[in-house]
Amino acid sequence: MKRVAIVAVVTAALGGLFLFGLLRGSPDRDIPSNLIGRPFEAFELPLHARYAPEFGPTLAVAPGEAGVPMVINFWASWCGPCYQEAPFLEDAARRYEGEVAFVGIQTQDRGALAAGRAFVDQFDLSFPNAIDDDSRTSIAFGLFGVPETFFVHADGTVAYKHAGPVDGALLDARIAELRR
Amino acid sequence: MTRLLPLRRIALAATWLVLLAGLVGSTAWAQQRALDAEVFAIGDELRCPTCVSESVAESNSAIAREMRVLIQDQLDQGRTRAEILAFFQERYGDWILLNPPRTGVMLLVWLLPVAALLVGAAVMLVLIRRWRRAADLVVDVADDDRERVRAALAASGAASGAAHAGSDASAPAPRP
């Protein structure tokens, strides 16, 4: 009887562990950024041509320099969810114009300049979108995949990172926290 | 063959140049770069951020290729393996290290397997001792029991000799 109880307990424990593994979803999504609470690394990247008249050929961003909260979005031309979230980013960038600085970075997408240009044109993205051709900036941000969006306080410290596509509600909620 | 006008020739040459430049500048670039063996040794200790259970050395994903080139650049600048691993750890946290650091909670990852091995060995030792003791135990068998077994064995031997199919029937009778 005692033996049966031991076997039952061990089987239940292993079964529980198995179920936990099956049902815990995608753990890679929940990896917190190592940058939270720290300033991001300053970067300077070439911009897509359509932004040159307004911002010049390159975009240099240093933490705290903008003086307003920032939303830094990493995307790639091959990434489906990036197409899904782009209209929400553009909408938010227009709504929060002057209050929050939006920056887009095409990354993990070496040599796909034309595809990147088509992407920014397709969604008529008004905020500056830069090209991280060798993915060094994405590595500096500790990026896992695309899309990922960093929400940065006005002083340049990273408040939150969202992995996966953003939508209007998420952007509004996170930006409200930044402005609090 | 029709002769091409100079303008067309120039256009053709320009097209080829653009195609060639595109090839050189494309994704293939990161792969074609000559990498030291040390790059792969370091990459072996780093987890590929976009993969499942693959190291930076093994993966062919875009980010792993860029990371290998970055490691090569840092080696060229004279950085040590420890410095390069620290560079990635600073940005990605302990998650990026395939060999977790031997401090804090991570120490458990290293100690638990050893502890499990020791506990397993102890359990085996106890069990083997118990089995041995059981084997050494002198079983007191009554003479009439001995006689019954002998008779049963003799009967089964005779039965199996007479008819092979009757082996079931010739099995020794269970003890009352």
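Guide: Welcome! A salt bridge is a side-chain nitrogen of Lys or Arg within 4 Å of a carboxyl oxygen of Asp or Glu. In this predicted model, local features need pLDDT of at least 70 and side-chain atom pairs count only at pLDDT 80 or more, while totals for chains, interfaces and linings use all residues. Residues are numbered from 1 along each chain as its sequence is written, chains are lettered from A in the order in which they are written, and side-chain values use heavy atoms, with hydrogens and water left out.

Visitor: How many salt bridges are there between chain A and chain B?

Guide: There are four between these chains. In one of them, Arg38(A) pairs with Glu90(B), with 2.9 Å between the closest N and O atoms. Polar contacts are pairs of N or O atoms within 3.5 Å; within protein, one atom must be able to donate a hydrogen and the other to accept it, and residues adjacent in sequence count only if both atoms are side-chain atoms. Seven residue pairs, both residues at pLDDT 80 or more, are in polar contact between chain A and chain B.

Visitor: What area is buried between chain A and chain B?

Guide: The size of an interface is often given as the accessible area lost when the parts come together. Here buried area uses a 1.4 Å probe and is summed over both parts. For chain A and chain B the value is about 1700 Å², with carbon and sulfur atoms giving 52%. Arg110(A), Ile139(A) and Phe144(A) supply 40% of what chain A buries against chain B, more than any other three residues. With contact meaning heavy atoms within 4.5 Å, 19 residues from chain A and 24 residues from chain B take part.

Visitor: How should I read the helices of chain B, and how many are there?

Guide: Helices are DSSP runs of H or I with at least four residues, and strands are runs of E with at least two, numbered from the N terminus. Chain B has seven helices and zero strands.

Visitor: Is Gln74(B) buried or exposed?

Guide: Buried means under 20% relative accessible area, exposed over 50%, and partly exposed in between, using a 1.4 Å probe and protein chains only. Gln74(B) counts as buried because its relative accessibility is 3%. This residue lies in helix 4 (residues 62–76) of chain B. Beyond its neighbours within four places in sequence, Gln74(B) is in contact with Arg79(B), Ile84(B) and Phe87(B). Across the 176 residues of chain B, 23% count as buried.

Technical notes. Buried area is the accessible area (1.4 Å probe) that two parts lose on being put together, summed over both.
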